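Q: Please take a close look at one helix of this protein and describe what its residues do on either side.

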Amino acid sequence: MGIIAWILIGLFAGLIAKALMPGKDPGGCIITIIIGIVGGLLGGWLGKVIFGVDSIDGFFSLSTWIAAIVGSVIVLLIYRTVAGQRSR
């Protein structure tokens with residue numbers, strides 16, 4: 001159930017990350033959703049590995065959302081870097 005919860009949280013985290021980092025991206029809504037899902041999973045994994053905590057305390061837990069949003073911002077930064085280099 002943990003991975004399914006991270007996928008659902010990732011959908012919203014991708015939209016929040018996009019709002020925090022406005023700008024033109026090569027992808028549309030589908031790419032934003034995928035970035036959010038990957039970022040949510042990355043945030044959950046980083047929370048467990050780096051801090052040694054179970055970052056998915058609950059769907060409405062603040063730490064869960066922060067981990068997902070931070071992971072989504074990281075993935076969005078990587079995506080913009082890679083996609084920006086390809087377009088040149």
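A: The following describes helix 3, its core residues and its surface residues. This is a predicted model, in which local features need pLDDT of at least 70, side-chain atom pairs count only at pLDDT 80 or more, and totals for chains, interfaces and linings use all residues. Residues are numbered from 1 along each chain as its sequence is written, and side-chain values use heavy atoms, leaving out hydrogens and water.

The chain has a mean pLDDT (the predictor's confidence in each residue, from 0 to 100) of 76, with 80% of its residues at 70 or more. Helix 3 has the highest mean among the elements, 81, and helix 1 (residues 2–20) the lowest, 78. Helices are DSSP runs of H or I, at least four residues, numbered from the N terminus.

The largest nonpolar core consists of five residues: Ile-9, Ala-13, Trp-65, Ala-68 and Ile-69. Helix 3 gives the largest share, three residues. Such a core is a set of buried Ala, Val, Leu, Ile, Met, Phe, Trp, Tyr and Cys residues joined through side-chain atoms within 4.5 Å. Buried means under 20% relative accessible area, exposed over 50%, and partly exposed in between (1.4 Å probe, protein chains only).

Ala-67 also belongs to helix 3. Ala-67 counts as buried because its relative accessible area is 13%. Its C-alpha atom is separated by 8.7 Å from that of Gly-39, 28 residues apart along the chain.

Ile-74 is in helix 3 too, which spans residues 62–86. Ile-74 is partly exposed because its relative accessible area is 31%.

Conventions
Helix = DSSP H or I, 4+ residues; strand = E, 2+ residues; numbered from the N terminus.
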